[in-house]
Amino acid sequence: MSFNPTDDHIAAVRAFNRFYTRKLGVLDQHLGKSPFSLSEARVLYELAQRDDLAAKEIGNELGLDPGYLSRIVQSFDEKGLITRRALPADRRQYQLSLTAKGRQAFAKLNLGSQNEVAAMLAQLSTSDATRLTQAMATIEAVLEHRSHPAAFMLRSHRVGDMGWVISRQAAAYAADYNWDISYEALVAEICAQFIKNYDAAREHCWIAEVGGEPVGSIFLVKATDQIAKLRLLQVEKKARGLGVGRALVDQCIQGARERGYSKMTLWTQSILVAARGIYQSAGFKLVKSEPHHSFGQDLIGETWERDL
């Protein structure tokens, strides 16, 4: 059943549009302090992401009038920002690429935009910045008719997270693999030791969130001075398919590098197929495998490693 918007709904959306375009300086003749209009900046952005992009593709993706786009392309050409090459299949159409000067112009524009947004966010508290980005993800998800928010975010652990990790790990593995309460005891012990012995220079925990709700976690802990251990990767079922697991693993690897480790190791089970796939695609290699009886089940434990 389609929604019948009231005048109040329409007014609220239009008021937000006016506020946000004013906040970003979109109504100025140029975007921020750059020499480019918003439309010109969007065209530059598209060209910076992909080489040999047809002008018609840009117009379709950005919803630009062909005549207006043609004037932008002509202006970029005259300024030496792009090269144009006629498409073999249709000599009336052109493939566009940024020149070195064009890439330099985009880099300056991109950095300026990033700094302006960073300055805006810096005025907010951490909780308000989180609320803002989550609200933006919700707006994008609703308007694109996605069943899930368009984005998830990773944050550092805070008070209360360890309880969530213990509860969700225990419940998930009991439901999916019939592991008994001894696994909950192991997770509780790992989390307790992490809190008691936490070394911020060598260890970390990341929590994945969607819409302000935790949906995943991963731990980086010290094994030796040179070896980091990845522990307790978990993603809620409702967040699977969004790339949360791979993002958590990638963040853990990057965190290990930044903390000066030269190698990473992890222990998992052969039945955890999805996790094993993520580890393998992230560069880990299986180095040891042995059967054991734990958590009320007969399992095959696996040790995976990768150099950093």
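**A mixed sheet, its aromatic pairs and two nonpolar cores**

In the hairpin formed by strand 9 and strand 10, 2 residues lie between the strands, and F295 adopts a positive phi near 60°. This hairpin belongs to a predicted model. The chain comprises 308 residues, of which 37% are buried, and contains 10 helices and 10 strands. Of the contacts between residues at least 6 apart in sequence, 57% join residues at least 24 apart.

Strands of a sheet pair through backbone hydrogen bonds, in either the parallel or the antiparallel sense. In the present model, 7 strands form an open sheet with mixed pairing and the order 4-5-6-7-8-10-9. Its edges are strand 4 (153–156) and strand 9 (285–294), each of which pairs on one side only. On average, neighbouring strands of this sheet are turned by 25° against each other, direction ignored.

Both senses of pairing can be followed from strand 7 to strand 9. Strand 7 (residues 227–235) and strand 8 (residues 263–269) are parallel and share 4 bridges; here I227 stands opposite K263 of strand 8. Strand 8 in turn runs antiparallel to strand 10 (residues 297–307), to which it is joined by 7 bridges, and T268 has E302 of strand 10 as its bridge partner. Strand 10 is also antiparallel to strand 9, with 9 bridges between the two; in this pairing, K285 is matched with E305 of strand 10. Helix 8 (residues 181–196) lies across strand 5 (204–210), strand 6 (213–222) and strand 7, and runs at about 130° to strand 7.

The largest nonpolar core consists of 45 residues, and those with the most contacts inside it are F219, L230, V249, M264, Y279 and F284. Helix 9 (residues 244–258) supplies the largest share of this core, namely 6 residues. A second core, separate from the one described above, has 22 residues, including V43, L44, L69 and I82.

Residue Y279 illustrates the contacts made within the larger assembly. When residues up to four places away in sequence are not counted, Y279 touches L230, L233, V249, L266, T268, F284 and W304. Y279 and F284 are both buried.

Aromatic pairs were sought in the whole structure, and 12 were found. The pair of Y279 and F284 is edge-to-face, because the ring planes stand at 70° to each other, with the centres 6.0 Å apart; planes over 60 degrees apart are assigned to this class. Ring pairs also link Y173, Y177, W179, Y183 and F295 into a cluster. F295 is thus a member of this cluster as well as the hairpin residue with positive phi. A further arrangement involves a charge and a ring: the charged end of R202 sits over the ring of Y261, at 4.0 Å from the ring centre.

A charged residue with low accessibility is found in helix 2 (residues 38–49), where E46 is located. The relative accessible area of E46 is 11%, so this residue is classed as buried, the cut-off being under 20%. Apart from residues up to four places away in sequence, E46 touches L53, E61 and L62.

How values were computed
Residues numbered from 1 in each chain as written. Predicted model: local features only at pLDDT ≥ 70, side-chain atom pairs only at ≥ 80, totals over all residues. Heavy atoms only, no water. Phe/Tyr/Trp six-rings, centres within 6.5 Å; stacked < 30°, edge-to-face > 60°. Buried < 20%, exposed > 50% of the residue type's maximum accessible area, 1.4 Å probe, protein only. Lys NZ or Arg CZ within 6 Å of the ring centre and 35° of its normal. Pairing = 2+ DSSP bridges. Axes fitted to C-alpha atoms, helices over the stretch in contact; angles between N-to-C directions. Contact = heavy atoms within 4.5 Å. Core = buried A, V, L, I, M, F, W, Y, C linked by side-chain atoms within 4.5 Å.
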